[in-house]
Amino acid sequence: MDLKKKYLVAHDVGTGSNKAALISADGQILASAEASYPFQYPQPGWVEQLPGDYWKAIVETTKALIHSTGTDVSNIIGLSFSTQAMGIIPVDKTGEVLHPNITWVDGRAEDEARWLMRRFMGKEVFKSIVGITLTGKDVIPKLIWLKKNRPRVYRETDTFLDVNGYLKFMATGKCVAEWSGACSYAFNLKRKDWERIFFKIAGIDLEKLPSLVKSTDKVGGLTAEAAQQLGLKQGTLVFGGCDDTQSAAVGTGSTGEGEAHIYLGTSAWVGVTTSKVYKFRHGAVCLQSADPEKNLVVGITESAGNNLEWLMDNFYKKEKEKFGDEYIYKQIEKEASQIPPGSDYLIITPWLLGERCPVSTTTTRGTVFNLGLEHTRGHFVRALGEGIAYNLRWIIENFEKDFGFKISSLRITGGGSQNNQWMQSFADIIRHPVYTTSQPKMAGAIGASVCAFVGAGIFQGFDEVKKFVQTEKTFIPDKENEQIYNELFASYKQIYKKLKGEYKRINLKRFRTK
């Protein structure tokens with residue numbers, strides 16, 4: 001088989017956009033395309049998206065890949081999706097979507113989370129069993145919310161799908177959930193099955209859950225309708241795929257035991273690959289890896305690139321309108337590089353959407369601490385980036401303490417890894433060497449493609465990705481900046497500890513159901 005003439009269409013359906021790539025079986029990206037989709041904010045703490053927008057992005061980008069390369073579609077062996085996790089998309093028996101996707105950053109179900117933990121004899125008992133407490137951002141509390149507040153939707157729901165499941169349904173007509181996606185609901189890593197007891201205690205009908213598949217499974221072929229929309233051949237295989245955290249680990253080449261990576265996109269996370277099953281700790285979770293034989297310990301920071309977009313929209317609005325995004329990205333890197341490490345003692349916490357790890361909270365919000373007349377918008381840019389790095393350092397510290405991981409270096413991918421000033425700050429704050437990877441914006445699509453290549457028998461295993469993922473740049477911690485960052489990191493943690501009660505007092509009622 002000529003690997004250069006066998007292709008896979010891989011889609012990385014993230015929080016704000018879909019990044020698609022046409023990838024050959026020897027690991028070459030022939031073309032890429034991107035299409036964004038909006039959020040809906042019906043009220044504070046709620047974040048929804050229209051599932052149809054995801055499929056429109058899939059159609060648009062798939063056609064763009066084929067058009068730009070002139071590829072013979074008979075050489076395309078399949079499709080694979082990597083998607084944002086924790087989606088809730090209810091569909092009826094005809095496949096009609098009954099409600100917008102309640103996204104992973106939506107925090108509407110705080111009351112339901114507390115009710116469910118009381119069913120387990122309280123918050124502390126639940127935490128002793130699972131390792132973490134539930135929040136209003138978790139899936140099962142939001143399923144309870146749907147049942148209570150949207151009874152018609154719940155009653156008419158035939159199957160609850162996540163984003164990956166919805167896209168596989170649109171492509172093949174089959175309702176399934178892949179193992180890593182099932183972890184976002186409740187999945188037993190040892191039995192490789194739904195954790196049925198949680199659904200029963202929550203009062204969620206097990207019949208509304210789809211059947212399970214692995215990332216490498218052949219789910220089915222493209223239906224005639226889907227093939228016509230995408231411009232591909234009917235029957236083209238669709239593989240199980242995986243969630244975006246798992247695909248990023250593969251896309252950085254972090255597939256071996258104990259190998260760690262950081263993803264910097266709309267959100268951010270630290271992930272460590274392992275063959276062990278760990279109890280959840282400090283907001284970090286142990287999930288099924290893309291590799292069916294491994295797991296992934298993940299700590300997620302809910303808002304990273306989102307924060308930068310907010311800053312650009314509000315601090316650089318006129319320049320952005322006049323010169324465009326590319327100019328602004330260069331400008332903010334330039335301005336941040338003129339500010340000393342530590343941003344003259346300005347700290348900005350990144351919790352604009354609440355937080356999941358290292359602290360799990362739906363009520364916390366971002367805080368600007370120690371602002372003075374000496375600070376400029378360049379200080380805001382640098383402090384915002386440093387705040388995300390402090391958050392990830394906190395996660396890494398917990399990983400080393402809670403799970404015994406010995407992290408010596410980290411591979412960083414995602415759009416944020418293209419900012420050199422930010423990467424040096426990360427190395428300085430995290431106190432580990434960091435390595436950026438080739439194709440940083442395509443790590444998710446690469447990971448999704450590997451699932452399919454393994455499933456098709458072209459790759460023998462997930463480690464083959466290391467053959468075509470290279471290190472791009474290396475950033476070594478600067479010892480001269482260690483003292484200032486240690487001092488500010490200690491203050492960063494204290495900001496949360498001192499203010500968490502006030503966040504809760506001022507926001508809990510505001511975020512409740514109306």
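Which residue forms a salt bridge with Asp217? The partner is Lys214, with the closest N and O atoms 3.3 Å apart; further points on this structure follow.

1. Basis of the note. This is a predicted model, in which local features need pLDDT of at least 70 and side-chain atom pairs count only at pLDDT 80 or more, whereas totals for chains, interfaces and linings use all residues. Residues are numbered from 1 along each chain as its sequence is written, and side-chain values use heavy atoms, with hydrogens and water left out.

2. Salt bridges. A salt bridge here is a side-chain nitrogen of Lys or Arg within 4 Å of a carboxyl oxygen of Asp or Glu. The count by this rule is 27. For the pair in the opening question, Asp217 is partly exposed at 23% relative accessibility, and Lys214 is partly exposed at 27%. Buried means under 20% relative accessible area, exposed over 50%, and partly exposed in between (1.4 Å probe, protein chains only).

3. A pair with contrasting exposure. Glu195 forms a salt bridge with Arg191, their closest N and O atoms being 3.2 Å apart. Glu195 counts as buried, at 18% relative accessibility, while Arg191 counts as exposed, at 53%.

4. A link between separate loops. In the salt bridge between Arg356 and Glu302, the closest N and O atoms are 3.0 Å apart. Arg356 lies in the loop between S20 and S21, and Glu302 in the loop between strand S19 (295–301) and helix H11 (305–315), so the pair ties together parts that are 54 residues apart in sequence. Helices (H or I, at least four residues) and strands (E, at least two) are DSSP runs, numbered from the N terminus. Both Arg356 and Glu302 are buried. A network of salt bridges links these two residues with Lys137 and Asp138.

5. The loop between S20 and S21. Pro358 is also found in this loop. The peptide bond leading to Pro358 from Cys357 is cis, with omega near 15 degrees.

6. Helix H17. This helix covers residues 482–507, has 26 residues and reaches 35 Å from its first C-alpha to its last, close to the 38 Å expected at 1.5 Å a residue. The expected span is 1.5 Å times one less than the number of residues. H17 has a kink of about 50 degrees, centred on Leu499; the bend at a residue is the angle between axes fitted to the seven residues ending there and the seven starting there. Its buried residues include Ile484, Phe489, Tyr496 and Asn507. Among the elements that cover the buried residues of H17 are strand S20 (347–348), strand S21 (368–369) and helix H14 (377–402).

7. Around Thr133. Thr133 sits in the loop between H3 and helix H4 (139–149) and is buried, with a relative accessible area of 17%. Leaving aside residues up to four places away in sequence, Thr133 touches Met117, Lys123, Phe126, Lys127 and Asp138; contact means heavy atoms within 4.5 Å.

8. Positive phi values. Tyr345, a residue other than glycine, has a positive phi near 70 degrees. Tyr345 is placed in the loop between helix H13 (325–337) and S20 and is partly exposed, at 38% relative accessible area. Gln439, likewise not a glycine, has a positive phi of about 55 degrees. Gln439 belongs to the loop between strand S23 (434–437) and helix H16 (443–455), and is partly exposed at 41%.
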